[in-house]
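Student: Please choose one part of this model and examine it closely. I should like to know what surrounds it and how the neighbouring pieces are set against it.

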Amino acid sequence: MPHIVAVHTGAGNCSHDTNKLLKALCKRVCSEVSKLLANGRSATDAAVAGTVLLEDSPLTNAGLGSSITVDRKTKTEASICSTVSGFHCAGDLENVRHPIKIVELMVNETMENNSKYIPPRVMVGQSAIDRYSKKDASICQTNICTKRSIKMFYKAEKHFNEKPSAKRQKTNEDLNNGNIVKEVSTSEKNAMFPEEESKKDEGVEPLSGVEDTVGVIC
């Protein structure tokens, strides 16, 4: 059956080498998704499988290596929009490598629902993790920081602390409340963000800023 696959890996400034790696990632995802569609899998199944590949790549701001928030946490989110099942999303998922798997389970609940109660279509936070980790053991909370995401975090911290614009001027009280990331010792950094295995960052330009959402359209 004829089909079209579109893959988005984010937007931002990146080096020439990282750009080549991103193009290779797009080709790989398109190829794998196309195989699934050619074998009769649904568009949703194929899109989820492709998104898992994007979440597994430290090149993207999704899943493994997602950007660290100002409160020093790594949170992920995902959504599925389908002409068959409608819209489902989950967000504020701390240290969840494959948020798309949670949303896939939400879609399955909707499609298989035979009761008078409507399953959730939007979920956030720990309640989403607790609900769906019982149904899929692969959904768990684990360290998804990488060397690259940690370096990007402290690069941003340095930028905002050394070059605050007029709009970002903060009082000492604001700083103490954590509205701008405070300077911390090396030992504290290591305690907060244990380094991932070096192989997960192999070939990735440490300070390339690829941000924005990622996704697969079938």
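Tutor: Helices (H or I, at least four residues) and strands (E, at least two) are DSSP runs, numbered from the N terminus. The model is predicted, so local features need pLDDT of at least 70 and side-chain atom pairs pLDDT 80 or more, whereas totals for chains, interfaces and linings use all residues. Residues are numbered from 1 along each chain, and side-chain values use heavy atoms, without hydrogens or water.

The part chosen here is helix 3, which spans residues 99-112. As its setting, the chain holds seven helices and seven strands, arranged along the sequence as β-β-α-α-β-β-α-β-α-α-α-α-β-β. Of its 218 residues, 38% count as buried (under 20% relative accessible area; exposed is over 50%, partly exposed in between; 1.4 Å probe, protein chains only). Among contacts (heavy atoms within 4.5 Å) with a separation of 6 or more, 68% join residues 24 or more positions apart.

The approach to helix 3 runs through strand 4, which covers residues 86-94 and includes D92. The phi angle of D92 is near 55°, a positive value in a residue other than glycine. D92 counts as partly exposed because its relative accessibility is 37%. N95 follows in the loop between strand 4 and helix 3, and N95 also has a positive phi although it is not glycine, in this case near 60°.

Helix 3 meets helix 2 (residues 43-56), and their axes come within 9 Å and cross at roughly 160°. Helix 2 is therefore roughly antiparallel to helix 3, a label given to angles over 145 degrees (under 35 is roughly parallel, 65 to 115 roughly perpendicular, the rest oblique). On the side of helix 3 the contact is made by P99, I100, K101 and E104; helix 2 contributes D45, V48, T51, V52 and E55. By class, this contact has four nonpolar residues, one polar and four charged. (Ala, Val, Leu, Ile, Met, Phe, Trp, Tyr, Cys and Pro are nonpolar; Asp, Glu, Lys and Arg are charged; the others, Gly among them, are polar.)

Several of the helix 2 residues in that contact also appear in its buried set: V48, T51, V52 and E55 are buried, as are A46, A47, G50, L53 and L54. The buried residues of helix 2 pack against helix 3, and also against strand 1 (6-8), helix 1 (16-38), strand 3 (75-82) and strand 7 (215-217).

A second partner of helix 3 is helix 4 (residues 126-133), where the axes come within 10 Å and cross at roughly 65°. Helix 3 is thus roughly perpendicular to helix 4. I102, L105, M106 and E109 of helix 3 form this contact with A128, I129, R131 and Y132 of helix 4. Here six residues are nonpolar, none is polar and two are charged.

Which residues does V107 touch, beyond its neighbours within four places in sequence? V107 belongs to helix 3 and is in contact with I80, S85 and H88. Strand 3, which spans 75-82, contains I80, while strand 4, which spans 86-94, contains H88. The C-alpha atoms of V107 and S82 are separated by 9.4 Å, although these residues stand 25 apart along the chain. V107 counts as buried because its relative accessibility is 5%.

How values were computed. Axes are lines fitted to C-alpha atoms, for helices over the stretch in contact, and angles run from 0 to 180 degrees between N-to-C directions.
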